[in-house]
Amino acid sequence: MQIFKEMGVPGPEPNFLFGNLLEFRKTPLFKKYQEWREMYGETFGYFEGPTPVIVTSDVNFLQEVFIKQFNKFHARKLWPVQVDPDKDEDVHLFFARGRRWKRLRNVVNPAFSAAKIKRMSPTVNDSINHLLDVIKETASSTADKSVEVLDLFRRLTLDTILRCEAGIDQNSIKDPSDPFLRHCKNVIDDTAKNPWLYLLGFMFPNLHCIWIRIYKFLHYFKFNPVFWLEDRMRDIVVMRRNDNGNKRIDLMQQMLDAQFSVNSFQELDKSTEKAQPVVRSMTNEEIVSHALLFLLAGYETTSTTLAYLFYEMSQNPQVQERLRHEVMTVLPRGYHSIEYDALNKLTYLDYVIWETLRKYPLASTVTARQCMEECVVGDLCVPAGMLVHANLWDVQYDPRHWGEDPQSFNPLRFMPERRRHRHPAAWMPFGGGPRSCAGLRFALLQLKMVVAKVLRDFEFDPPNKQIGVALTLKQGATILPENGVLLSARRRDSAMSDAGVRRGSMLSGLELIDWMNKRRESVKEEEQGEADDVDSDLEHWTKGGRAQRRKSSLSSVSEVLGQTTGLEQSKRYSMSRRGSALNSEEDEMDTSNLRRSSLSLCMSLLQADSLSKAANILRRVSVSGDVTPPIEEDCTETDVIVNNMSGKASDSNRKYMKQTTFNSSLPSCPVPVNEDEWEDKSCYMPEEILGSHPGLKSSLCRRRGSALPQLESMREASDIDEFFHRYSESLITEMTNLDDDQMLSFKKGGKRHARLYQRRGSG
Ligand code: HEM
């Protein structure tokens with residue numbers, strides 16, 4: 001116990017029997033680390049029984065241990081009550097070390113490959129649909145619409161992992177008394193039971209084979225849920241082994257199919273190693289222990305992350321809104337199921353998840369390595385057997401990596417230009433190096449899908465709208481909110497379907513506002529238990545068939561276009577949103593046909609008598625939803641737009657127009673006026689603007705959110721040649737008032753000018 005003194009590493013004074021273990025009786029490990037960090041600096045040492053542990057938040061040190069010198073630090077910390085990592089048969093990836101770990105990791109990695117995860121996405125999607133129902137029911141059953149989300153997410157992640165790993169179709173999300181749920185909860189809480197056994201395990205780690213026997217023996221006196229779960233998994237493995245013909249696509253199948261040479265089976269002695277390799281597969285017991293590992297890892301970690309994420313959303317409404325905007329833009333509500341590939345387009349969602357995991361590195365208790373061979377790390381000589389533990393709660397709040405406000409929730413910290421300059425070990429919620437989390441892809445799939453689907457339908461507030469109430473954290477298997485996370489969940493008006501509302505308004509010929517009111521009334525009725533007449537309403541419009549829909553739509557278009565002056569706000573809105581009703585809902589084709597016909601109607605109206613007036617309306621319609629009043633007070637909004645289009649704008653109005661491309665609500669934002677600067681990649685958007693504008697994803701990304709969905713009109717207009725081909729030059733001249741020179745530069749300008757039209761298209 002003099003070792004740290006010899007190494008010159010500061011730390012608390014240990015007790016000869018317990019080391020410093022007794023200090024954790026009242027304070028959980030991650031908080032104690034914080035206290036010691038204040039007292040002893042970023043690297044300090046303490047004892048867990050006789051085992052020396054170095055705790056550090058020095059990112060270079062961590063990089064050495066987790067990545068660069070992995071061959072000397074390939075083992076995890078031994079847990080007080082665990083199987084023998086080298087000898088026992090039922091060792092899983094988490095406890096294994098050396099070549100055994102390598103073999104198991106080689107089997108498990110392909111099971112979590114992107115292609116395999118993609119195949120699981122419909123299953124995940126399906127489980128989340130149940131979650132949506134339950135949130136709706138739970139919220140409507142209480143006056144303040146409160147929902148305890150941690151519990152719900154645990155039930156969801158349990159259902160998902162059971163289905164994805166072993167094809168077990170439980171429905172704990174709807175049935176809280178489900179036996180799997182009950183037993184998983186008990187296993188997670190298990191560390192709180194038998195504390196004396198764990199203490200003994202810490203004090204005499206070399207006797208772990210005795211402690212594990214006592215642990216198993218105790219089951220005969222008191223039911224242990226771990227063994228119940230193991231038995232269920234064992235039944236399935238045996239059944240699957242006997243049922244060779246029926247291959248599934250779950251994680252268990254990957255393990256059943258795995259093959260490798262026998263000399264990598266265990267840490268064998270040299271003589272056996274040289275023997276001819278024999279092809280073997282994973283043993284049944286290995287598969288059972290892995291199934292249990294995935295079950296518990298998948299159940300606990302992802303659900304706790306989701307709970308933190310939704311808590312932060314409720315505390316930061318502007319982030320919630322911006323995220324919802326991105327989700328609605330990329331995945332309009334009409335898509336009942338979300339495609340795996342579409343999730344990759346949700347950049348801001350990535351930032352939000354990463355920031356959640358920065359603020360809450362909930363699995364920090366396991367990010368430790370044991371030194372297997374004496375080596376030098378930095379200026380310390382680390383002896384074999386010593387543990388190195390990453391102090392993630394310190395690293396991930398360190399102002400040196402995260403700026404002056406590490407306590408605030410700011411997803412934009414993860415923008416590429418800021419991430420680029422950060423040390424790779426400054427963010428390690430999934431651990432680091434070759435032994436980092438094996439289920440990362442699966443976890444991310446679930447996290448993204450849940451957030452995208454839930455945010456489309458619900459808005460979350462803190463209970464009683466009290467912003468700033470911090471969570472109390474406790475340490476269990478992960479670090480989790482002590483009292484769960486209670487939020488108030490409001491079903492969004494458009495939860496029925498945003499695109500559906502628009503389509504409803506379009507097809508019914510009602511104004512959007514009227515349609516929404518009608519819909520709202522029906523939702524109220526629904527909540528009061530009365531018959532829901534909305535679906536029948538919708539059905540009525542759907543049943544009418546294409547001809548009926550086209551007819552009603554055309555009549556509403558002509559009604560709007562017929563009024564060549566003084567469009568009311570709602571009409572303008574309903575008109576301008578129409579484009580985005582596309583690419584959603586099951587009858588996409590019909591809708592797009594319908595829209596195409598409304599476009600051609602517009603064009604024929606334009607070509608007829610009221611050309612200039614109609615052109616003015618079109619201009620207003622397409623841009624009016626996005627702009628705030630212009631800089632020059634004596635100039636109307638339409639004037640600014642029209643003058644800009646015709647090249648007659650004053651400098652300030654020109655500048656204003658450019659600002660609207662970035663951010664409509666901040667007319668005075670310092671955006672470069674000089675057109676050349678647009679292409680200059682070093683010219684970044686100020687962050688406060690990015691933060692407040694949902695459409696922008698990065699300071700380098702200038703494309704508006706609404707330009708994202710691949711609307712047909714965008715594609716049509718993005719090709720300038722096709723644009724000229726479709727609409728005669730004379731018509732464009734009239735619409736835009738371009739003179740010959742301007743027309744020439746317009747043609748030459750190509751896409752940059754065409755962007756105006758693209759934006760009109762996307763409404
Ligand atoms: C947000 C969710 C999750 C978080 C934050 C998380 C975090 C972690 C961390 C910190 C480690 C230790 C890494 C290290 O020591 O460097 C780990 C390991 C592991 N995790 Fe996860 N995890 C998550 C989800 C999952 C899921 C869903 C699964 C499986 C279905 C899973 C399976 C594993 C496995 C098998 C290991 C051991 C890897 C090895 O030792 O080679 N994790 N995880």
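In what order do the strands of the open sheet of three strands stand, and with what pairing? In this predicted model, the order is S3-S13-S10, and the pairing is antiparallel. The edges of this sheet are formed by strand S3, residues 146–148, and strand S10, residues 458–461, each of which pairs on one side only. Neighbouring strands are turned against each other by 45° on average, when direction is ignored.

The pairings within this sheet can be followed from strand S13, which spans residues 486–491. Towards S3, the antiparallel pairing extends over three bridges, and here Glu148 has Leu486 of S13 as its bridge partner. Towards S10, four bridges join the strands, which again run antiparallel, and Asp461 has Ser488 of S13 as its bridge partner. A helix accompanies this sheet: H5, residues 114–141, lies across S3, S10 and S13, and runs at about 100° to S13.

A further open sheet has four strands in the order S1-S2-S9-S6, and its pairing is mixed. Strand S1, residues 43–48, and strand S6, residues 368–370, stand at its edges with a single partner strand each, so one side of each is left without a neighbour in the sheet. From one strand to the next, the twist averages 25°. At the S6 edge, three bridges join S6 to strand S9, residues 387–390, and these two strands run antiparallel; within this pairing, Ala368 has His389 of S9 as its bridge partner.

From the sheets we turn to the ligand, which is surrounded by 26 residues, the closest being Ala297, Thr301, Gly431, Cys437 and Gly439. Helix H13, residues 284–315, and helix H20, residues 440–457, each supply at least two residues of this shell, and the largest share, seven residues, comes from H13. In character, the residues of the shell divide into 15 nonpolar, nine polar and two charged.

Helix H20, which contributes to the shell around the ligand, also packs against helix H14, residues 317–330. Such a packing is described by two quantities, the angle between the helix axes and the distance between them. For H14 and H20, the angle is about 100° and the axes are 9 Å apart; angles of 65 to 115 degrees count as roughly perpendicular, and H14 and H20 are therefore roughly perpendicular to each other. On the H14 side, the contact is made by Leu323, Arg324, Val327 and Met328, and on the H20 side by Ala452, Leu455 and Arg456. These contact residues divide into five nonpolar, no polar and two charged.

One further stretch of the chain carries an annotation from a record: in an unreviewed entry, UniProt lists residues 196–215 as "transmembrane region". In the predicted model, the chain over residues 196–215 is 80% helix and 0% strand, and the C-alpha atoms at its ends are 11 Å apart.

Note on methods:
Residues are numbered from 1 along each chain as its sequence is written. This is a predicted model: local features need pLDDT of at least 70, side-chain atom pairs count only at pLDDT 80 or more; totals for chains, interfaces and linings use all residues. A residue is near a molecule or strand if its C-beta atom, placed from the backbone, lies within 6 Å of it. Ala, Val, Leu, Ile, Met, Phe, Trp, Tyr, Cys and Pro count as nonpolar, Asp, Glu, Lys and Arg as charged, and the others, Gly among them, as polar. Axes are lines fitted to C-alpha atoms, for helices over the stretch in contact, and angles run from 0 to 180 degrees between N-to-C directions. Angles under 35 degrees count as roughly parallel, over 145 as roughly antiparallel, 65 to 115 as roughly perpendicular and the rest as oblique. Two residues are in contact if their C-beta atoms, placed from the backbone, lie within 7 Å. UniProt positions are given in the numbering used here, feature names are shortened, and annotations may be inferred rather than shown by experiment. Two strands pair if DSSP finds at least two bridges between them.
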